[in-house]
Amino acid sequence: MNMKQNIGIINAMIRITCGFTMLAWATANFSRKPWRESYIWVMMLAAMKIAEGIVRFCPVMALFERYQCHCDSNNENEKAIPIEPVNPS
């Protein structure tokens, strides 16, 4: 599988920072209350965000980019209808 980077450097830095913050918070709370399972889920989510920032690839963004409507398709029968904003005044 060929994965190309699909998030920018600023987005990656934000993901890494938020991931480490969430991981530190969840680890501190998990050490006080080890019977709570919610902290384990937060730790896994934080680890995923850190990995996305390091690799600079987000699978959710890849899905959105893949299934996004491309109006340059070969089907000329299905034309996109432009949506114009409505001014209520």
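One aromatic pair is counted in this predicted model, where rings of Phe, Tyr and Trp (its six-membered ring) pair if their centres lie within 6.5 Å, and planes under 30 degrees apart count as stacked, over 60 as edge-to-face and the rest as tilted. The rings of Trp 25 and Tyr 39 have centres 5.7 Å apart and planes at 75 degrees, so the pair is edge-to-face. Because Trp 25 belongs to helix 1 and Tyr 39 to helix 2, the pair ties together parts that are 14 residues apart in sequence.

The model is predicted, so local features need pLDDT of at least 70 and side-chain atom pairs count only at pLDDT 80 or more, while totals for chains, interfaces and linings use all residues. Residues are numbered from 1 along each chain as its sequence is written, and side-chain values use heavy atoms, with hydrogens and water left out.

Helix 1 (residues 9–32) and helix 2 (residues 38–55) pack at an angle of about 155 degrees, with axes 8 Å apart; helices are DSSP runs (H or I, at least four residues), and strands are runs of E of at least two. That angle makes the two helices roughly antiparallel, a term for angles over 145 degrees. Among the residues in contact (heavy atoms within 4.5 Å) are Ala 12 and Phe 30 in helix 1 and Ile 40 and Ile 54 in helix 2.

UniProt, in an unreviewed entry, lists residues 7–26 and 38–58 as "transmembrane region", although such annotations may be inferred rather than shown by experiment.

| Span | Helix | Strand | End C-alpha distance |
|---|---|---|---|
| Residues 7–26 | 90% | 0% | 25 Å |
| Residues 38–58 | 86% | 0% | 23 Å |

Notes
Axes fitted to C-alpha atoms, helices over the stretch in contact; angles between N-to-C directions. Parallel < 35°, antiparallel > 145°, perpendicular 65-115°, else oblique.
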